[in-house]
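Grab your viewer and work through the exercises below. Each one has a task and then a solution in steps.

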Amino acid sequence: MRWIAASFALCFAGCALLPPATANIDKVLPHFLDEDGRHSDGVGLLERDLYQLALRDEPDRISSIRFDIKWSGTGLDPKVTRLRLEVRGSKAGAEPIVIDHNATADILSTTWTPIFVPPTDYEKLGQMESWRVSLWEGDRQVAGPQSFLW
C-alpha cells in the first residue's frame, strides 16, 4: 500500500517539475519584394542588403513585403499557436493590415516562418511605417516585439 502511495506522490511531483511553456521571437526581418517577387539579386547577405537599399530608394519597384520571423517555443500547444503580423502604412486613413498565421512548425526548437503580405494589401497600405509581430497560444500572447514607431 505504501508503494502505491509513494508512486502516486512521485508521479505528481514529476508533473510539477515539468518546465513551464516559454516562447520568444528572436528576429523579424522585413524584406521588400520587387515585381518578380525577389528580395535579393544575389546569394549573399551583402547582395540582399544592397538590393533592399535599391528598392527603398525606388519605391515604385516594390510590389509587396515579406516578413521572415525567427521564433522559438517550448511547451506550447501546436493546435492553437499562431503568429500575428500587424503592419501600419503611410497612406492617410489606411487601416493596419493584420495577418494571422498558424505556427504549426516544430515548436520544440527555433523556427523561421515567412509571412507574405499580398500585393493588393500592400498597395492599400502605401509605404510600410511600422510593424508588430506577436506569438499567441489561444487567447494568450506569449511573445511579441515591435518596430520603434509602433
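A salt bridge here is a side-chain nitrogen of Lys or Arg within 4 Å of a carboxyl oxygen of Asp or Glu. The model is predicted, so local features need pLDDT of at least 70 and side-chain atom pairs count only at pLDDT 80 or more, while totals for chains, interfaces and linings use all residues. Residues are numbered from 1 along each chain as its sequence is written, and side-chain values use heavy atoms, with hydrogens and water left out.

**Exercise 1. Salt bridges**

Task: find how many salt bridges the whole structure holds, then look at the partners of arginine 48 and aspartate 100.

Solution:
- Step 1. Searching the whole structure turns up nine salt bridges.
- Step 2. Arginine 48 pairs with aspartate 49, and their closest N and O atoms are 3.0 Å apart.
- Step 3. Now check cover, using these classes: buried is under 20% relative accessible area, exposed is over 50%, and partly exposed is in between (1.4 Å probe, protein chains only). Arginine 48 has 17% relative accessibility, so it counts as buried. Aspartate 49 comes out at 39%, so it is partly exposed.
- Step 4. Move to aspartate 100, which is partly exposed at 41% relative accessibility. Its side chain meets that of arginine 82 in a salt bridge of 3.8 Å, N to O. That pair links distant parts of the chain, with arginine 82 in strand 3 and aspartate 100 in strand 4, 18 residues apart. (Strands are DSSP E runs of at least two residues, helices are H or I runs of at least four, and both are numbered from the N terminus.)
- Step 5. Aspartate 100 also forms a salt bridge with arginine 84, where the closest N and O atoms are 2.8 Å apart. Arginine 84 sits in strand 3 and aspartate 100 in strand 4, so this pair ties together parts that are 16 residues apart in sequence.
- Step 6. Finish with a network: Asp34, Asp36 and Arg38 are linked by salt bridges.

**Exercise 2. The four-stranded sheet**

Task: work out the strand order of the open sheet of four strands and say which strands are at its edges.

Solution:
- Step 1. Two strands pair if DSSP finds at least two bridges between them.
- Step 2. The order is 4-3-6-7, and the pairing is antiparallel.
- Step 3. Strand 4 (97-102) and strand 7 (140-143) are the edge strands, each pairing on one side only.
- Step 4. From one strand to the next, the twist averages 35 degrees. (Axes are lines fitted to C-alpha atoms, for helices over the stretch in contact, and angles run from 0 to 180 degrees between N-to-C directions.)
- Step 5. Zoom in on strand 3 (residues 81-89) and strand 6 (residues 128-137): nine bridges hold this antiparallel pair. Glycine 89 stands opposite methionine 128 in strand 6.

**Exercise 3. The three-stranded sheet**

Task: do the same for the open sheet of three strands, then sort the residues of strand 5 by face.

Solution:
- Step 1. The order is 1-2-5, again with antiparallel pairing.
- Step 2. Strand 1 (22-33) and strand 5 each have a single partner strand, so one side of each is left without a neighbour in the sheet.
- Step 3. The twist here averages 20 degrees from one strand to the next.
- Step 4. Strand 2 (residues 64-74) and strand 5 are joined by seven bridges and run antiparallel. Phenylalanine 67 has isoleucine 115 as its bridge partner in strand 5, and aspartate 68 stands opposite proline 114.
- Step 5. In a regular strand the side chains alternate between the two faces of the sheet. Strand 5 (residues 111-117) has Thr111, Thr113, Ile115 and Val117 on its covered face, and Trp112, Pro114 and Phe116 on the uncovered one.

**Exercise 4. The aromatic pair**

Task: which geometry does the pair of phenylalanine 67 and tryptophan 131 have?

Solution:
- Step 1. Rings of Phe, Tyr and Trp (its six-membered ring) pair if their centres lie within 6.5 Å; planes under 30 degrees apart are stacked, over 60 edge-to-face, and the rest tilted.
- Step 2. The whole structure yields one aromatic pair. The ring centres of phenylalanine 67 and tryptophan 131 are 6.4 Å apart and the planes are at 65 degrees, so the pair is edge-to-face.
- Step 3. Phenylalanine 67 is in strand 2 and tryptophan 131 in strand 6, 64 residues apart.
- Step 4. Phenylalanine 67 is buried at 0% relative accessibility, and tryptophan 131 is buried at 13%.
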